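Me: Hi! I have a structure open here and would love to talk it through with you. Shall I put it up?

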Number of protein chains: 4
Amino acid sequence: MLTELIKSARVKALLPDIQAFMAAEVFPYDLAWSKLPFGELEPILEALREKVKARGWWLPCFDAHYGGMGLSLMEHAFISEAIGGSPFGYYLFNCQAPDIGNMELLHLAGTEAQKEQFLQPLAEGQFRSCFAMTEPEFAGSNPVRMGTIAKRVGDEYIINGHKWFTTGFDGSELTIVMAVTDPEAAPYQRASMIIVPTDTPGLQLIRNLSIMGHAGSGWPSHSEIRFENVRIPVENLLGGEGTGFMLAQVRLGPGRIHHCMRWMGICERAFDMMCRYAATREIEDGVFLGEKQMVQQMIAESRAEIDAAKLMVLSTALLIEKAGQRAAAEQISAIKFFTAKVLGDVLDRAIQVHGGLGITDDTILALYYREERAARIYDGTDETHKASLARKILKKYRGG
Amino acid sequence: MLTELIKSARVKALLPDIQAFMAAEVFPYDLAWSKLPFGELEPILEALREKVKARGWWLPCFDAHYGGMGLSLMEHAFISEAIGGSPFGYYLFNCQAPDIGNMELLHLAGTEAQKEQFLQPLAEGQFRSCFAMTEPEFAGSNPVRMGTIAKRVGDEYIINGHKWFTTGFDGSELTIVMAVTDPEAAPYQRASMIIVPTDTPGLQLIRNLSIMGHAGSGWPSHSEIRFENVRIPVENLLGGEGTGFMLAQVRLGPGRIHHCMRWMGICERAFDMMCRYAATREIEDGVFLGEKQMVQQMIAESRAEIDAAKLMVLSTALLIEKAGQRAAAEQISAIKFFTAKVLGDVLDRAIQVHGGLGITDDTILALYYREERAARIYDGTDETHKASLARKILKKYRGG
Amino acid sequence: MLTELIKSARVKALLPDIQAFMAAEVFPYDLAWSKLPFGELEPILEALREKVKARGWWLPCFDAHYGGMGLSLMEHAFISEAIGGSPFGYYLFNCQAPDIGNMELLHLAGTEAQKEQFLQPLAEGQFRSCFAMTEPEFAGSNPVRMGTIAKRVGDEYIINGHKWFTTGFDGSELTIVMAVTDPEAAPYQRASMIIVPTDTPGLQLIRNLSIMGHAGSGWPSHSEIRFENVRIPVENLLGGEGTGFMLAQVRLGPGRIHHCMRWMGICERAFDMMCRYAATREIEDGVFLGEKQMVQQMIAESRAEIDAAKLMVLSTALLIEKAGQRAAAEQISAIKFFTAKVLGDVLDRAIQVHGGLGITDDTILALYYREERAARIYDGTDETHKASLARKILKKYRGG
Amino acid sequence: MLTELIKSARVKALLPDIQAFMAAEVFPYDLAWSKLPFGELEPILEALREKVKARGWWLPCFDAHYGGMGLSLMEHAFISEAIGGSPFGYYLFNCQAPDIGNMELLHLAGTEAQKEQFLQPLAEGQFRSCFAMTEPEFAGSNPVRMGTIAKRVGDEYIINGHKWFTTGFDGSELTIVMAVTDPEAAPYQRASMIIVPTDTPGLQLIRNLSIMGHAGSGWPSHSEIRFENVRIPVENLLGGEGTGFMLAQVRLGPGRIHHCMRWMGICERAFDMMCRYAATREIEDGVFLGEKQMVQQMIAESRAEIDAAKLMVLSTALLIEKAGQRAAAEQISAIKFFTAKVLGDVLDRAIQVHGGLGITDDTILALYYREERAARIYDGTDETHKASLARKILKKYRGG
């Protein structure tokens, strides 16, 4: 109910149409997503993208100057939930990671030339991009430990390094790479972001990581890549030298809101399937699955937890809007681990209620179950966020 | 953050003062509450009640005509949290169960004579009242099974029956008793509520139930009582004959919001104590308890869960205000079991962080731990609310 | 320690050799299992099977007359754990489901002709078999509801029906099908088991079910199949008419012990990987992942739970050996849901400790995570076993 | 079943008689325990102790030379469970903490004179003793931080210090105090144990700690005490100087087995009550509480967890018998936190199933619920044991 208070008129008008579109045009492809390689999906996706564009829903959270709808963070949160119920929902609206994060970076810190060359076509969906930060040699939770070096020689950076979990590298036109440009600087000012066209000599795809049994190709892939003496003109530096860590933080902030609300979309989808199945699956003559208390328990707990998680995310989005991302640091940590847990629990219960059917790819549940195990790991593990939140709280209790 | 949107100007002005009052004037009695019998507490309580009155905070959620502040349900929710951090907070503001529920009943359904005779002095805090519904012979979750009979004979009801968990009977002036007046009526129209002065012949205290080691006396007591041919004039009928069940539902609705927000007050109190202890307890030279990740985990999870629970309760309160209690039935069930679990978990963690100290009565935590175990039982067990919520949801998925 | 008491001398001698074999010869194929289709795995598997035979470990739990080692249920439990740490461990020793269950059925209830024709080559590993019981139209937890009919006409049964989750149908030589032979009989005496060569006309593969993203082929596949007027000579009836349900129970009993101990093997494997990673993964200079208390918590809880689960399974195996399967019905239910939960929790924690690496197929963990989600569903869901156990217990408390 | 293997003939003979005695003679006092002060309980307890003695069950785990039964650790484990179902069970058999631990210390390290003066009458139950180790100023999990000093001056120690949680001080004849005798020694050799008659000048009772609402008196009390220049002859040193820490470890080891098995006794008692109530409580006409799946779930999970916990404890006891306490350090940590959790969960469920009745003192459940919250804290918190277990495991994975 509280959520109604913060739903803008624009969102209220949009939501029913978008929900109807998802149900009628996108959900029927559930089974395709988990079975077809990206190359075979692309024609379907392109056709759906055209429908999205035709309805005026393209790039919901991005600047109208670049063809977006210009929704606020909060407005986009509601849209995220509505389109999160399909694994390709975000892609269809061109607000998928990692591209949307890259667009935000280019918008914020890009030069006019960079915007024209890279941001404009990304916004139009002409090509895809990726973001190369994580390295296999260093634990992800500590961004100041990084082995990739961009050494300035004349008007060029020469980049050497090893990255993985570079989402969507396969088939993309450009990557934004995080690399150390000044190893002697203060820890959080050592790294910079540099735009690297993926056909630059020396930039090699080692492999697409197989994730939870999915070999990966195209957009839904995660690559291991290597930079060997990759030479990039200094004009491709994004923001100033040493601003890499700061930009990464900026990039992650709204991204976490988007993820969390997308997860809420998944939760609602799974919840709906669980209820429908429980209400209609006959287990004995005239007795339906949903009459069993153990099933009722799963439904009731899921409903309460989804509602709770959604309120927390929206409350955090509101705080970011009013007071900025830094002021919301505690809440962002809290929603990250709280909603990721709700997501995992709701998917687990939805599968359990479906019994044998739940583990097959005859429903979308099994895909979400394996793909979204990562939710408790990426963008900061549960453990990292819990420790971080607690330390921020405890700091207020000490000394004086 | 979302909660700020629904905080009225009046509440914003009140809260800091009430919080300061609680911390300065009430929390210092923490240890007294768990050690002194009610008789010895009463002078302390009366003095504090006078201070509350003097500040204009008496009866926050009740009609100004009767000396209350006339706050809305939502406004009272915020106040509830603020005063919930002491076991006697509600009592001090004269909004304690069961009296406040009785006042609401009398206000809603009482005749002018009943209001003058019973409501006015209750509102002034001149005496206390109680509510006799639960019976040992019948499971609490089924209100249509009831053994207490009020048989009309002439101008009187003759009441016979056996009740327990009659909170605050000891020392009260009147009880509102739920009794079957027409065993032949439709199930939900069999019972009525009747106002019974506690000195009426035939109404006997069997014993105060010892609850979690607390013998009980005065207000914080729960009695087993017997009605033996208790004769009451028909004028003492509250509302019409057969309206007992309906009135009970009315009584429970806002009561659950109050309970849940009171629990949030307890949670915040326990959370504050847990953090303070973790931040200041040295476990090795220069190493503080709060540096341990297992403690950080307890703090972080508690913070997230309290925030989630609070948002849910406030959202439900808003729904009740906008659409009425019946429209909020699902949400009310959800917050009942969700917040009761959060309450139990937060108290458990706060005790664990305090170690040996946590199980002593040197802090208020141990009192809350044992007293509030009941939160998952009274006003509908977790199981009842979960089953009820799930069935309401599933009903929408069936056939047609 | 208690487990040592029940380890026979034979098992004590065998275990170190088998464990060493698994580590040296089988675990190196971890990554192959999750990436290669069965057809490409088969040559590897055959070579390993030859090694197993050469060491005298073939068919550990089966009658020596058929080339097995003749280990007792308890002895096999220990072996199960040792070979459970690879998804193909059981297959290598020719004690994989569903074949071993079929061999047990044929051994118990088969005629001499059936044994010669079907059991002998299965025991030798010449071909594979499958077991067709579950039907998509009927909830799995109720074996008396079954749509497949085998109608006797002259010397033949004419079988019509629809089955799914027929594990290993793809590429197998025979299926044992459960079908109703007398719809008028008492509920538990309606069904019979019939041996059906898979090339019999009318028996069709509809599809291999895609399970958790795995299309399935050969042994690790689960098929949906249809019987359309499949004609089978009455000589292929297994056991007497109407004994289907009884035989199914017999088949499931030791199977559950095997599953549970195999899961323990998975747990130990995952636990070992989790500890190794925690001990050696540097997260800051000189600081290792395992120094973090949240990781220590995951390790400690996993260790305790695995030990507990293992003791329960072995205790149940002992009870079956001493008193028979029926006497152990409560314990069998208890270990089924208890160990399946431990399995799921340990795998989840092992992945979490591995971070990003954990969700890739660079370790075996992600394979187990998605494959073994089914553990809480097959052979009776958690819910079925919990309800069944509780009802058996409560029965003793009733009546007079 | 596994447990039968390790039940000695003696235990098999004893158990039915002891169980019958507990049910017939001790359980009827359930309600008395939670309501009467120790002084009023003592005559009841003495009469029951006489019955125990008369049956030959006195001091089951102690040397026959001192009038005990001389049972092994394992045998005593079974007895512990049998007598653990009453809060006074241990007391009746004279194997209650802290006396039994003190007897073990005196037996192990006492001089002949100490044994005659202190051990003999303790064994006979002539008086009670206590053990003063924990200090409010220092976190309990670190035994080398201790403020109590025993300074040797001539033939005396002069003891100064502050202790709390000195169980049973009230009314006892002697305390064994842990004090630093050499602050310059290696950390684990600084402290010694000294026997102090409680009437020695300078030893003062500050107060009995109120624990979970229980003021405490006599044996079931926990005192805060102060040593002010308490002068004790050096003959009262127990063991050598500097052996305090080592002796404390020795004292804790079997104590943890006893605690864990006593908790199993509580679990079985609570489980029995939960089942009986569920089987017989009618919630609608002809419908019993135990028919509800949510209740069945609580029963089934409790049964499995109790069985698991019991097997772990017995397995650890066996390991201690065979290989000594040091070899069982990991298992002891595991059972401490595992069984304490099972205890808490089972009690919580038993109360929940009982509904309102469960929180009253009309059953023993509420007493156990509040008293045994301490189980996760004393003798090492859950967190301490988990961290300790994990570190021991991880040590094996490092280096080499």
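Me: Let's start small. Where in chain A is Gly147(A) found?
Reply: Happy to help, and keep in mind that this is a predicted model. Gly147(A) sits in the loop that runs between strand E1 (129-132) and strand E2 (149-153) of chain A.

Me: Is Gly147(A) buried, partly exposed or exposed?
Reply: Gly147(A) has 14 other C-beta atoms within 10 Å, so it is partly exposed. A residue needs 20 or more to be called buried, and 12 or fewer to be called exposed.

Me: Which residues does Gly147(A) touch, leaving out those up to four places away in sequence?
Reply: The contacts of Gly147(A) are Glu135(A), Glu137(A), Phe138(A), Gly161(A) and His162(A). Take Glu137(A): it is ten residues from Gly147(A) in sequence, and the two C-alpha atoms are 7.9 Å apart.

Me: Zooming out now. How many helices and strands are there in chain A?
Reply: Chain A has 13 helices and ten strands.

Me: And what radius of gyration does chain A have next to that of a compact globule?
Reply: Chain A has 22 Å, and a compact globule of 400 residues would have a value near 21 Å, so the two agree. The C-alpha atoms fill a box of roughly 80 × 60 × 40 Å along the principal axes.

Me: What share of chain A is buried?
Reply: Buried residues come to 58% of the 400 in chain A. On the contact side, of the pairs in chain A with a separation of 6 or more, 71% join residues 24 or more positions apart.

Me: Which domains is chain A divided into?
Reply: Domain 1 covers 2-102, domain 2 covers 129-238 and domain 3 covers 245-395. The C-alpha centres of domain 1 and domain 2 of chain A are 28 Å apart. Where those two domains of chain A meet, domain 1 puts in nine residues and domain 2 puts in ten.

Me: Which elements give two or more residues to the domain 1 side of that contact in chain A?
Reply: They are helix H3 (38-54) and helix H6 (99-109) of chain A. H6(A) gives the most to that side, with three residues. By class, the domain 1 side has five nonpolar, three polar and one charged residues.

Me: Let's change topic to the chains themselves. How many residues do chain B and chain A each bring to their contact?
Reply: Chain B brings 39 residues and chain A brings 39 residues. On the chain B side, at least two residues each come from helix H1 (2-5), helix H9 (244-280), helix H10 (293-323), helix H11 (329-354) and helix H14 (382-395). H10(B) gives the most, with 18 residues. By class, the chain B side splits into 26 nonpolar, five polar and eight charged.

Me: What turn lays chain B on chain A?
Reply: A turn of 180° with a shift of 0.0 Å along the axis does it, and the RMSD is 0.0 Å. In chain B, Ala308(B) has the C-alpha nearest that axis, at 2.5 Å. The same surface serves both copies, as 100% of the contact residues of chain B recur in chain A.

Me: Now chain A and chain D. How many residues are in contact there?
Reply: Four residues of chain A are in contact with four residues of chain D. The chain A side is made up of one nonpolar, two polar and one charged.

Me: What relates chain A to chain D?
Reply: Chain A can be laid on chain D by a turn of 180° and a shift of 0.0 Å along the axis, with an RMSD of 0.0 Å. That is the relation of a two-fold axis. Within chain A, Gln293(A) comes closest to the rotation axis, its C-alpha being 2.6 Å away. Here too the same surface serves both copies, with 100% of the contact residues of chain A recurring in chain D.

Me: One more, in chain D. Which residues are on the two faces of strand E1 (residues 129-132) of chain D?
Reply: Ser129(D) and Phe131(D) are on one side, Cys130(D) and Ala132(D) are on the other, and all are buried. E1(D) pairs with strand E4 (residues 174-180) of chain D in the parallel sense, over four bridges. Within E4(D), Thr175(D) stands opposite Cys130(D).

Terms used: Residues numbered from 1 in each chain as written. Chains lettered and ligands numbered in written order. Predicted model: local features only at pLDDT ≥ 70, side-chain atom pairs only at ≥ 80, totals over all residues. Least-squares fit on C-alpha atoms with pLDDT ≥ 70 in both. Contact = placed C-beta atoms within 7 Å. Rg over C-alpha atoms; globule rule 2.2 N^0.38 Å. Nonpolar A, V, L, I, M, F, W, Y, C, P; charged D, E, K, R; others polar. Domains from an automatic or database assignment. Pairing = 2+ DSSP bridges.
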